[in-house]
2 protein chains.
Amino acid sequence: MTVGVRHDDLRRRNRAMVIAAVRGGGQPSRTEIAAATGLSNSTISTISADLITEGVLTVVPAIENGILKRGRPQVALGLHPRAANVIAVTLSLNSLSAAIIDYSGKVIVHEFRRPSTLTMSADELLNALAELVQSVILRMGQDLAPLLRMTLAIQGITDSSKRALLWSPITPHSNIDFADFFETRFRVPVTVENDCNMIAVALRARSPERYGKNLITVMLSDGIGMGLIQRGELFTGSRSSGGEFGHMIHIPDGAQCRCGRRGCVEAYAGNYAILRHARGECETAQPAADIDHLTMTEMANAARNGEGLERDAFKRAGEALGFALGSLFALFDPAPVAFVGLGTSAFDLIEPSIRNAIARTAGGQHNAEFDFAIQADEAPLIREGGAYQALTYLDQTVFAASPPLQVLDLA
Amino acid sequence: MTVGVRHDDLRRRNRAMVIAAVRGGGQPSRTEIAAATGLSNSTISTISADLITEGVLTVVPAIENGILKRGRPQVALGLHPRAANVIAVTLSLNSLSAAIIDYSGKVIVHEFRRPSTLTMSADELLNALAELVQSVILRMGQDLAPLLRMTLAIQGITDSSKRALLWSPITPHSNIDFADFFETRFRVPVTVENDCNMIAVALRARSPERYGKNLITVMLSDGIGMGLIQRGELFTGSRSSGGEFGHMIHIPDGAQCRCGRRGCVEAYAGNYAILRHARGECETAQPAADIDHLTMTEMANAARNGEGLERDAFKRAGEALGFALGSLFALFDPAPVAFVGLGTSAFDLIEPSIRNAIARTAGGQHNAEFDFAIQADEAPLIREGGAYQALTYLDQTVFAASPPLQVLDLA
DNA sequence: ACCCTTTTTTTCGAGCTTCGAAAAAATGAA
DNA sequence: TTCATTTTTTCGAAGCTCGAAAAAAAGGGT
């Protein structure tokens, strides 16, 4: 049972809507916010006056807009950059990064390291991250904005409370409670997010008109990750981060997957699977670990130049992705798909068989052409999505809540 | 952008919450409603007084409850049966039924027909339904409650606006705009719902503690249907009724499916697929239509008594269901599954291979034992779900809205 | 310069709504 | 019959949003 709407919730919700309208971009005027939210001008006026007083929003100085209309000019409102800072940490194979982002979304400090994540102990990994975070915090210096939230975007499966990493291909260790560690260390609320989910969040924020309602992001790499936006909401499983697209079954009892099971999509479309087939190895052969990008590039070039096993390997990868997407579309209805990750450098090789496979499924029946997008460099998207997740959380909770009345200091 | 919460929305939402608390069952007192909704006693008192005056709720006479406590006794509130009637129509292969249900959910009139739906024209089908509906309306007679809503629960795919049937196995005709037809004929708002979705709605209403958050219903019949409840909400696709579980791909380019494609789950687990394999036919053989239950029962008995092709056919059906459920679980996380329909009479034959297949998938990794339930007779569930859908729609829209002030007649 | 027009923003009182406290109601226990 | 207990209603206070009117801030025209 949802809880009833109390009177003070009303204000909180409407404040949240105003903040969301401003974060939505375009530095809207009060009138535009009123139109976007459906609230009256007078309400928006009251709320925005409060938010400006509290330092959440700020009046943006009039830019040199060529269009000079008659009448009182609109006053553009923006997010106050000093309202808060958040820290977005990303953790991928042999790559750590941390960035401090202000309330308006601008990156203030950004650093990264390239340690060998696979060979580190869990403690070493935690300490390396802590050192990196410490470093960016120091470089942030005496920024007057308080650090209010932190997200860790990780390639792997998180628990549903978004506090721990359950499993990840970047480290042999499992069940690492990152949130606990960082919260005690840095005294900041932390959530652990799946990297593909953050990419989906970032793409939705970038192109709400295209991806605002539905979006599937598919990460092509050693493993196959997925992020899913349905009806405007990030879809996560009820017990974990969900969306384990790479481990949907493509061929029952088929090729050996890294996860120990057989026939997963990843066992056909992951880098190691493509390599294994191209080299003519048995499909039950143990997957190779950590394939460098050069090998994949060479294989892609070989596939482009000849008819051999290489070309077939990419074709099979596309089929696995296509049939799985087709099954997904049968459940969710077709949605735009954004492919991300280094694996997209060979997208020309797999796209035809993806489309061909989808067309042979129920989900692909009605659409001649699907909306595919390519984004090779996923790192900025992951950071952006992590920051956005942290910032909108602040919007909806911390800043949407009316602050307690300030006691006037009359001394 | 969601629309802002206006002041009058507040009342509407809280009225909806009170009605929902009462429909939730248990004939709660005002105090219990306050506890369930989180609203104050005084608010509940005001709202429930209004709703009683309007004839939406009613005071339930004290039942002989043995527990006599000290203090003023609680007054139980219930839904006023005469607040409205709804009509729940169900449409399955060779079977039409219509029932009039009062606002409290009690069936008042119920009739059914057994025409041959496959050989009827679309007009004949519409007219047969109209005659049936007319008949129950006549039998309802001068019931003082107004008929405010109608649902058609149909085996098949509906459009996302829930007005038309896009495709169904029970009729060769497609794109039938049922809602339009019935709305002009009977002057009642109509929605067209998928039968499996209605089963899910009914089971959730019956066992909220078990199925309130997540539930998958799988209909075993000629085709394989699915209804999905995720986070308490009925899941439907964004363009259609969605959840075309039966047409997820089990084996790429595999057995011939009724839908014209190949390798769908249904092409292994549907009745025709089981029969085809048991008879040793080629799996690309054209599916047989409309297999009677006796044939399936005989085949199930043959499978129970021998090791032949029959047993293998059921085993393969279970594998298709299990792998597909495993893929589903990889996306959604494991959820309780309720199998419904006549096909469940052979559930003892397919269950082991379902469990075995799930255990070989990513979704089945963490759960040794899944929560399976069996419900052979789906017809009452479909009716119940359809009625519930109509009634809760009325709750949330018609009755939650504050009525215009009555002008007092002082003549 | 000056006034008019146009558009945006703020102000102000009215009307709802919810809430807490107190009162009223209804019953069992003594 | 009176007291204790629990539920329900009543009533005033406080908060929120809204519409209308006023104020503010520009350009346009003479």
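**Exercise 1.** How far apart do the C-alpha centres of domain 2 of chain A and domain 3 of chain A lie? Describe the interface between these two domains.

*Solution.* The model is predicted.

Step 1. Locate the domains: the assignment for chain A places domain 2 at 82–199 + 380–398 and domain 3 at 244–370.

Step 2. Take the separation: their C-alpha centres are 30 Å apart.

Step 3. List the contacts: eight residues of domain 2 of chain A touch four residues of domain 3 of chain A.

Step 4. Find the buried area: the two domains of chain A, 2 and 3, bury about 450 Å² between them, with 68% of it on carbon and sulfur atoms. On the side of domain 2 of chain A, Ile157(A), Trp167(A) and Ile199(A) lose the most area, together 48% of what that side buries.

Step 5. Sort the residues by class: the side of domain 2 of chain A that touches domain 3 of chain A holds seven nonpolar, one polar and no charged residues. Between domain 2 and domain 3 of chain A there are zero salt bridges.

**Exercise 2.** Which residues are closest to DNA strand D? Describe the surface around the strand.

*Solution.*

Step 1. Name the neighbours: of 28 residues surrounding DNA strand D, the closest are Thr43(A), Arg6(B), Thr31(B), Ser45(B) and Val75(B).

Step 2. Classify the surface: its residues comprise five nonpolar, 14 polar and nine charged.

Step 3. Examine phosphate oxygens of DNA strand D: one is 2.6 Å from a polar backbone atom of Val75(B), and a polar side-chain atom of Asn14(A) lies 2.7 Å from a phosphate oxygen.

Step 4. Identify the main element: H1(A) gives the most to the surface near DNA strand D, with four residues.

Terms used
Residues numbered from 1 in each chain as written. Chains lettered and ligands numbered in written order. Predicted model: local features only at pLDDT ≥ 70, side-chain atom pairs only at ≥ 80, totals over all residues. Heavy atoms only, no water. Near = heavy atom within 4 Å. Polar contact = N/O pair within 3.5 Å; in protein donor to acceptor, adjacent residues only side chain to side chain. Helix = DSSP H or I, 4+ residues; strand = E, 2+ residues; numbered from the N terminus. Nonpolar A, V, L, I, M, F, W, Y, C, P; charged D, E, K, R; others polar. Domains from an automatic or database assignment. Contact = heavy atoms within 4.5 Å. Buried area = accessible area lost by both parts, 1.4 Å probe. Salt bridge = Lys/Arg side-chain N within 4 Å of Asp/Glu carboxyl O.
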